[in-house]
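This report walks through one protein chain for a reader who has not seen it before. Please keep the sequence and the structure in view while reading.

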Amino acid sequence: KRIATLESQPIGEIISDNFMDAYNDEVTALQSSVQAQRAQVDKLMAEATAKESQALKISRTNDARLALDEVQAAIDKGLPFIEELNDFATLTGQAVPQKLSMFAKTGATTVAELGVQFPSFARNALTAHRASSSANDLSVGLVDFLKSQFQARSVVPKDGNDADAVLSRTEAAVRQGNLVKALEELSSLTSPAKDEMAKWSNQAMARLAATDAVKLLLASIQE
């Protein structure tokens, strides 16, 4: 009979208010704990994702740097570097300067090759200069004529503004691998000597432009 009486009473009359309050507090605390744990898990997942993304970025940057190192090595040897350049572009999404990509399939003229070519260009430049000087100044005609016949030119750097002196200093700079200095010297030449050296100068400038492009690309991925 007592059990029947309890069953017929509302649940709120059987369980005390204090018990219900304690129960509700426990439920609320449990929910808060679950939410806090979930927030902590989300934070850890976000941190892990960020670290993974940073690691991937570092890895791609290192791979891009290695690709550029290989490009520069190929330029130094006069070899093609189209695959290495494509690898760099794929890794970074950067556009490659035309002054660099133009040599990707063929390779750039090496400093050694420029050194081998220089004497022939220099002789032609001096021949043109002396022919022009002889036509304009008969007093030096015989001397320049004889020098032209023997293709005489200075191979040791010397002072002066004449074509022979300029070319002697230019060649010395080329032997040292200093193309910037060589081109600075050549800039003081006048026609027709300057015209004869134009093809050589263009090759040297193109090589410098390609190596400068590599340096700029390297700097761009290190920022």
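## A pair between two helices

Arg 169 and Glu 185 form a salt bridge in which the closest N and O atoms are 3.1 Å apart. The two residues belong to distant parts of the chain, since Arg 169 sits in helix α8 (residues 163–175) and Glu 185 in helix α9, with their positions 16 residues apart. Both Arg 169 and Glu 185 are buried. The model that shows this pair is a predicted one, and the values given in this report should be read with that in mind.

Glu 185 also has a second partner, for it forms a salt bridge with Lys 181 whose closest N and O atoms are 3.4 Å apart. Lys 181 and Glu 185 are four residues apart in helix α9, and therefore about one helical turn separates them. How exposed or buried is each of these two? Lys 181 has a relative accessibility of 37% and counts as partly exposed, whereas Glu 185, at 11%, counts as buried. Taken together, Arg 169, Lys 181 and Glu 185 are linked in a network of salt bridges. In general, side chains of opposite charge can pair when their charged atoms come close.

## The chain as a whole

The protein chain contains 11 helices and zero strands, and reading along the sequence gives the pattern α-α-α-α-α-α-α-α-α-α-α. Of its 223 residues, 29% are buried. Among the contacts in the chain with a separation of 6 or more, 60% are between residues 24 or more positions apart.

The accessible surface of the protein chain comes to about 14,400 Å², and 56% of this surface belongs to carbon and sulfur atoms. The structure holds five salt bridges, and it holds one aromatic pair.

## Helix α8 and its surroundings

Helix α8 has 13 residues and reaches 18 Å from its first C-alpha to its last, which is close to the 18 Å expected at 1.5 Å a residue. Because 12 of these 13 residues are buried, α8 is largely enclosed by the rest of the structure. Its buried residues include Ala 163, Asp 164, Leu 167, Arg 169, Glu 171 and Val 174.

Two acidic residues of this helix deserve a separate look. Asp 164 meets Lys 158 in a salt bridge between their side chains, at 3.0 Å from N to O; Asp 164 counts as buried at 9% relative accessibility, while Lys 158 is partly exposed, with a relative accessible area of 33%. Glu 171, which is also placed in helix α8, counts as buried at 8% relative accessibility. Which residues does Glu 171 touch, not counting residues up to four places away in sequence? Glu 171 touches Phe 118, Pro 119, Arg 153, Ser 154 and Val 155.

## The buried face of helix α9

In helix α9 (residues 179–186), the buried residues are Leu 179, Ala 182, Leu 183, Glu 185 and Leu 186. Seen down the axis of α9, these buried residues fall within an arc of 155 degrees, so they line one face of the helix.

## Helix α11 and the aromatic pair

Helix α11 (residues 198–222) has 25 residues, which at 1.5 Å a residue should span 36 Å, and the distance of 36 Å between its end C-alpha atoms agrees with this. Among the buried residues of α11 are Trp 200, Gln 203, Arg 207, Ala 210, Val 214, Leu 217 and Ile 221.

The structure's one aromatic pair is formed by Phe 118 and Trp 200, whose arrangement is edge-to-face, with 5.2 Å from centre to centre and 80 degrees between the planes. Phe 118 lies in helix α6 (residues 111–136) and Trp 200 in helix α11, so the pair ties together parts that are 82 residues apart in sequence. Phe 118 is buried, as is Trp 200.

## A link across the sequence

Asp 69 belongs to helix α3 (residues 17–77) and is partly exposed, with a relative accessible area of 43%. Where does Asp 69 stand with respect to Lys 215, in sequence and in space? The two residues are 146 residues apart in sequence, while their C-alpha atoms are 9.9 Å apart in space.

Note on methods:
Residues are numbered from 1 along each chain as its sequence is written. This is a predicted model: local features need pLDDT of at least 70, side-chain atom pairs count only at pLDDT 80 or more; totals for chains, interfaces and linings use all residues. Side-chain values use heavy atoms; hydrogens and water are left out. Buried means under 20% relative accessible area, exposed over 50%, partly exposed in between (1.4 Å probe, protein chains only). Contact means heavy atoms within 4.5 Å. Accessible areas come from the Shrake-Rupley method with a 1.4 Å probe; for residues, only the protein chains shown count as cover. The arc is that of the directions from the helix axis to the C-beta atoms. A salt bridge is a side-chain nitrogen of Lys or Arg within 4 Å of a carboxyl oxygen of Asp or Glu. The expected span of a helix is 1.5 Å times one less than its number of residues. Rings of Phe, Tyr and Trp (its six-membered ring) pair if their centres lie within 6.5 Å; planes under 30 degrees apart count as stacked, over 60 as edge-to-face and the rest as tilted.
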